[in-house]
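Please look through the sequence and the model before reading on, and keep both at hand while you follow the text.

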Amino acid sequence: MVNPVLLIAVPLGLAFMVPLIDSASRKLTRFVPVAALMFNLILCIRLIPAVLENPIVINLGGFTPPFGINLFVGPLGLLFAGLISLAGLVVSIYSLSYIKNGPVVKYHMLYMLLLTGATGVVLTGDLFNLFVFFEILCISSYALVAYHGDRAGIESSIKYLIQGTVGSGLLLIGIGFIYGIFGTLNMADIAMKIATVEQSTLFVPMILMVAGLGVESAIFPLNAWLPDAHSSAPSSISAILSGIAIEVGLYAVARIVFTVFGISDIYLFFAFLGILTLLIGEMCAFAQSNIKRMLAYSSIGQIGLILFALALATNNTVTGGLFQLVNHTISKGLLFLSAGYMIYRSGSMEISSLNGMGKRMPLTSLAFTVGAFSLVGLPPFAGFPGKFLIVSGALLKGQMVINILVGLVLLSTVIEGTYFFRVIQALYFKDGNGERKRAPATAVTAMITLMILIVALGVYPKFLADFLSSASSDLLDKMSYVGSVLK
Amino acid sequence: MTGMEILLLVAFGGVMLTYILGRISSSLRNTFAVVLSLVLVVIIALMYDKTGETIFYRGFFGIPMSFRIDALSWLFAMATSVLGCLSVIFSLSYMSDRKNISFYYSMLFLVNAGMLGVVFSGDLLSFFIFWEIMSWSTFLLISFNRGPAVAAGLKYIIMSIIGSMAMLAGTISLYTNYGTLNIADLSHLTVSASPGYQLFLLIIFGVAFGIKNAVMPLHTWLPDAYTEAPSPFSAVLSGMLTRMGIYGFLLIIYVVVGAARFLHAADSTVSSFNYVLAWLGAITIVIPTFIAMLQNDAKRLLAWHGIGQGGYMILGIAFGTNMGVAGGIFHTLNHAIYIVLLFMSVAAIQYRTGGVRDLNSLGGLIKKMPVAFIGALLGICGLIGVPLTNGFVSKWMIYKTLISGRAPFLAFAALIGSWGTILSVYKFLHNIFLGQLPEKYRDIKQSPFNMKLPIIVLSSTILLFGILPGLPLRVINKIVVSFGFDSLNISLWGIVSESGMLNTINLFAAILAGLIAVWLFFRIGARTIPVKQDDNYAAGAAVPRDRYSYTAKYYDPLFRMISPYLKDIFNTFYMKIADLTGYLSNGIRKIYTGYVGNYVMYIVLFISLMIFVQMKWSPW
Amino acid sequence: MLKQELETTFDNITIRMEKKNQLELSITKDGIMSVLSFLKNKGYDHLHVISCVDWIDDKQLELVYILSAYMKQDVPGETEQLNILLKTRIGRDDPKYITSIALFPAAEPYEREIHEMFGVDFLGHPRLTPLLLERDYDIPPFRKDFDTKQYVDDVFGSVPSVEGEDKN
Amino acid sequence: MHIIELIFSPLLALLIGVFFLGLARKVMARIQWRYGPPVTQPLIDIIRLLSQKSASHGVAFNIGLVMSLAGSLVITLFLPFGKIAPMSNSGGMLVILYLMLIGPLGMAISSGESANPNASIGISRKLLLAMGYELPFLLVVLALMTAYNTTSITEIVSLQRDTGWSMFTFPLVLSGIAYLLILPAMLGVRPFEVVNAPQEISSGPLVEYGGPYLALATLQHALAFFIGISLFVNLMWGGAANPVIFFLKMLVVFFLGIFVNAVFPRLRIDQAIRYLWRWPSLIAFAGLILVCVTGS
Amino acid sequence: MDRNQLKKWFQNPVKMAHKYSLHVVYFCTGCGIIEIPPSITARWDAERFGIIPVATPRQASLFIIAGYVSLKTLRSIIRTYEQMPEPKFTVSLGSCPINGGMYYDSYNTIKHLEKYIPVDGMIAGCMPRPEAIFVGVTHLWTLIDKDMADGYKRYRSNYSAYRANQEKILGKLEWPPLFPIHGEE
């Protein structure tokens, strides 16, 4: 059975091979990421049956858990790894034709590094190892945001850099605290010892770590970098950022809060934080006239919704949250990719410039519409089952506070529907000039795959639902995690 | 594969096929569209008097999604498909000179399929899914002809999303409480629900269906949507789509909450909800009908009447006696027929006069377009409820319930509403068809055959249902029985109820005899000379061309008295809310100031706040 | 005292004051406009009527402008209440004259009527179309040499009576 | 027996209506100190009108008028004239209310077709006046229906036989007064004769009606007059057992209407509506509340 | 005044009805209209003979032209006459319509009205008093009796002559001819 370490090793190795391959033949570099991610995706799919019985634990370098670093590949980890490789693959196919000018070699190398960092964070079982992969992820995304090299790009990447480093710093201090208290860095080990320590002392490290990770996963007060970063990065990169980077950050927060600390009475606070992020994200998106900033703010909103779902900590809502997460990765990726080419054709990022795009680029605008409909949660598309699960799970809890929060969720869907439909109307029902020119073949294939995925998930969600429920049980019950790691 | 699955498959398959065929050749697509709609009508007709439920899909988290057919769904499905077929036939020539017509036809079929889905769905989940498909395809069609239609479409979709979210909340709360979404099971389970929960259910679903059926406070989207949508579609929109709200009300009040069984229990929440709903219906009758008088645009006038007539249906349904519910359903059917007829005659006028809808600049078209005139005349007779038309029978039933149910003020509101209809609808007929024919319309031709066919068909149904109400009432009686009421004493010519009966055949015979007698008396008189419109009394002077008609400010003496009270306060209120959210969101966006210093300060602030809260109150 | 001013400003003007408050001025054809504007500035801004007299024997048409001043009463201490008749004579054969609409817009219908009835055409008049008459006449009807009886005989006389008409 | 009633009650109504018109002209003349035409003058007018060859403005012009007269004729079948009530079992008060719609609607369509603004102004005034008196009239009728808890007019008449004229039974007094106040408007009598005003809008809808058309219009006017009075007598004055007493009661109401007609000048249409919507409506509203409160 | 002789009513109701229900449309441009109000109010009461004023020519059967007819009003008189339903009678009051009266030499008035529209009865007098009008009406009755009041028939039979006269005086008429003129286009 193939060793899951390859999931990290192969992209890392290939990332550093990119300059060598480039010097050999200029054309080949573009295909390296595609190959790596194709390999990753196939590997994940082959691992699924094995992981479903019991999670695989690998001890790197032969040391037993409390000392050595171990990888924990449970259904949750595999879900994220598969999602990262899928989204990465689609975006890399898209960027075959999208990234032509500028330092192409650096782009592909950093792209590979970003994905390895993400897969690493998702699979690691060790706190410090989490921090290392987290750093790789952040640094490569700082660089990629400034890829265009124009004034806005550099300025927003610097802002992202400053906030990211502050966050990582806090994370490091938190890990230091934990190491000081428990003397170990292994998550399972810490999880086991957590009960022995008096709860108040644990609070500070938890908040520091959550804040550190929160910066990357765009929770409300910490997400100020996101709108600038996403709007000035090239569309393929902003698709990856909002599709994968934020989700991975959220995974990390969830992993720490649920498995490592597992203090259940903080969940309500996270629920409120999630709703706050959702409302502010939607309100800001409503006030936007620039398409990419609007999509960025809507990402903040969706993250808030997923956080709210995870924070309710029942099997149903977490499955719903994960479903919504998968849906968000796919449809937000689709939106950014289609918006990318529309901006490329129309020249400016303003929504008014997108008038009449329905006639000029019919397939891309159809992709945008499908993505928008699925994000808003209209039935035949993927968003609806996610929202359905979240709301039904929340109502099952029965608390009046939760019902009010659910009301707010539905209200925010209305706002979300407004600004998305406004854009769709601009696409189809307003007359614009410009000749009719289709997007290139690679971009079209990328978009079509995502569209098929969305409709498939929307029409037959049961296929993903079982896998997600096992992933949510993996997240929620601490004991099975600890047991499988320290057996 | 029961009939219903075939039907839905054909309907949704049709959508894709029309679009593809449209790419190939327009004539192929037109014939396919007509054939498809006829096939739909035939399939539904074959499913007469069948009841049953089949589960067709378990893919959605294992929740069984089923189709259900009973008398109520059959009636609505039949009306939807017939009117859909007529409007497709009508729009063959109406839309022939427009751009991307295949998109229009495929969306029309999508709406039609969505409606059929809603009507046949056996559980609330598939009901919601088809409801959503119907809503956003209507949105795409309303904003079809550009310009102001875009704003109307946006207003429509926002209100319909609010409605859908309310319905989603209701459906899911039912799912969480009872574990099943199947309507049949729910109707047994909800009886045991606590009054508070029942009221919550009724209100949530009431808001969702109230928005769709444009009950008074939630009606503001309707006038813009009807006016801006392409006319054949606004016919379908006003005829059947808005009446899905009524189907929803029926479903919720009488099936899910099962009100019929204990409606008359004194303290039950349902009867108080119905009472409030009845009063809302009464207000929805009176105010929009008087606002309709102020309108100068033909379609906007009809739109306001759409809202007004919706009030009658709500009144009938909310007043929980068997005659009332039967009257409400019958009025929904009748209203669908004559409002589609009126919109089609306006569309025929628009088609010939190049899109002119303004009531002040038309006139005298009776000589040029007699078929459209006949359609409009019978349409407004139905709308008013002139005896011998179908509107009269259903209004008679509604009044009978109101009066014998000892609610004279509701009856008063309804009667005054019908008088308001008479005034505004006569202005509609007079300004378009009667009076002097303007110079520029001197040489317009008749409307083409496929516009005349639907008008003639609908006009004859109005008279047919008016004279022989037994035909539709037998079906409606089955519905009322299925709701748990005791059946009405229906016969082919009318209704016998304890406090007075209606016999339309005698009425028809009397009026016919009167007509013949008066016609003979008139024939005794000397032969009359046909004369053109210029040979007219103008105190000896020549008839001034194009300026010799009284159309603008038709009811000015009345307007000066009532127009200050008839401003659409709800519309301005909603607009204020929209601006408020826009202003608020601009304010919130200010948080992201753009200086990195602030952002980092937010992070530090967040952590210090957390620690402070923990130390002070230690909630965790 | 208005008399003295008029005498001083205009040389060939003859002024007569027969009635108590009526001043008759007569002037040559080309002096009218200046007198009219002078009087208008003096406050006589109301033009009652323009009428025309046909002196057939000395082959002249006489135009009479009747002016008066409403505003005079408001001015305190103003005693002079005058109606002014301004007369001028123009040739009868080719009666050409300039319009006074610029000064008195009210003159428009009067000038049209005089044009129609006397054949005087006013240069600069915006629309000299027929005002009152149905038919057109070779000799303008109000002229003295227009023989109405003769006109009636040949116009109305010429209308044949309908054959079945004259039996009763 | 039923067939004879069916045929003769409309003819009887026509006869009485024409007689009332002739009588009205005679009484008006007498009030104005002049002899006035013979009572049969309307008949003479109709014969003369029928013999005149007049102009027609199209098919709707003819059919509308015929429809309006037929509609009024049919109403007479539903209204009990003393004992004779031929069709009252196949539709009650509601049917009468809606049948009273066909007359004005038919007239409106045919005079609208005559393409003359005087006619359009006349119709808009007729509809406005109808809206004016309809508000209080509906309140009165609803009060009656709720008080007697029935919608059939013959039942109302028979119930009044034992409880006395509904005008003087306790809860319906207010409605009775309101009905009296709006009766001139319903009959189209002088203070509210805004519809066929000869001076202002050259006889409104009738401006283009020539020979036979004018005959039909006068007959329709006569019938409307008859229906208004007979409805009032049936609802408020207890409708008599035998037709002769019924006719006498109608005569009393007729003279009431004519005296009002002879004395009053014509109101402007907005004054008429303002009057109708102020005092009669308030009284009728109070009447309905009274009936509801004291009702069983 | 044979109104109440029932035999005559049964023999010929139409002629009797025409005699005793003369709805009048007055053309009040001339000075005669001042005579009409006294004739229809309390002192002379025309209504007892069935004569009532009506608003529009469509409803009328008698057309009374009171006073002189100027060129301009001839146009309206002709149009009103043509709008009246067919069995129609015309009566002119005063001497001006007969031969021009005191305006015999005016360039602006019509001298012989009967050249333009058929006139059944002329009541002379420089504005006849109401009694004279009633006498005129009684004469009209006898004319109707003897079928001599056939102005409308004459108008129909030699319409081309009438039309020619009218166009001779008024120039081209803008309304189409009432009856088809044979011999013309």
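The paragraphs below go from a sheet in chain E to a contact between chains, and then to chain C and the nonpolar cores.

This is a predicted model, in which local features need pLDDT of at least 70 and side-chain atom pairs count only at pLDDT 80 or more, while totals for chains, interfaces and linings use all residues. Residues are numbered from 1 along each chain as its sequence is written, and chains are lettered from A and ligands numbered from 1 in the order in which they are written.

Chain E holds an open sheet of four strands in the order E1-E2-E3-E4, with parallel pairing. Here helices (H or I, at least four residues) and strands (E, at least two) are DSSP runs numbered from the N terminus, and two strands pair if DSSP finds at least two bridges between them. Strand E1 (24-27) and strand E4 (121-123) of chain E stand at the edges with a single partner strand each, so one side of each is left without a neighbour in the sheet. Strand E2 (residues 62-66) of chain E runs parallel to strand E3 (residues 89-93) of chain E and is joined to it by five bridges, and Phe63(E) stands opposite Thr90(E) in E3(E).

Helix H4 of chain E lies across E1, E2 and E3 of chain E and runs at about 170° to E1(E), where axes are lines fitted to C-alpha atoms, for helices over the stretch in contact, and angles run from 0 to 180 degrees between N-to-C directions.

Which helices of chain E each supply at least two residues of the side that touches chain C? They are helix H4 (71-83) and helix H8 (159-170), and H8(E) gives the most, with six residues. The contact as a whole takes 17 residues from chain E and 14 residues from chain C, two residues being in contact if their C-beta atoms, placed from the backbone, lie within 7 Å.

Chain C itself has four helices and seven strands, which run α-β-β-α-β-β-β-β-α-β-α from the N terminus on. Of its 168 residues, 19% are buried, meaning that 20 or more other C-beta atoms, placed from the backbone, lie within 10 Å of the residue's own.

Finally, the largest nonpolar core (a set of buried Ala, Val, Leu, Ile, Met, Phe, Trp, Tyr and Cys residues joined through C-beta atoms within 7 Å) has 531 residues, and Leu315(B), Val340(B) and Ala414(B) have the most contacts inside it. Helix H15 (residues 322-353) of chain B gives the largest share of this core, 20 residues. Apart from this core lies another, of 41 residues, among them Tyr26(E) and Ile78(E).

How values were computed. Buried ≥ 20, exposed ≤ 12 C-beta atoms within 10 Å, placed from the backbone.
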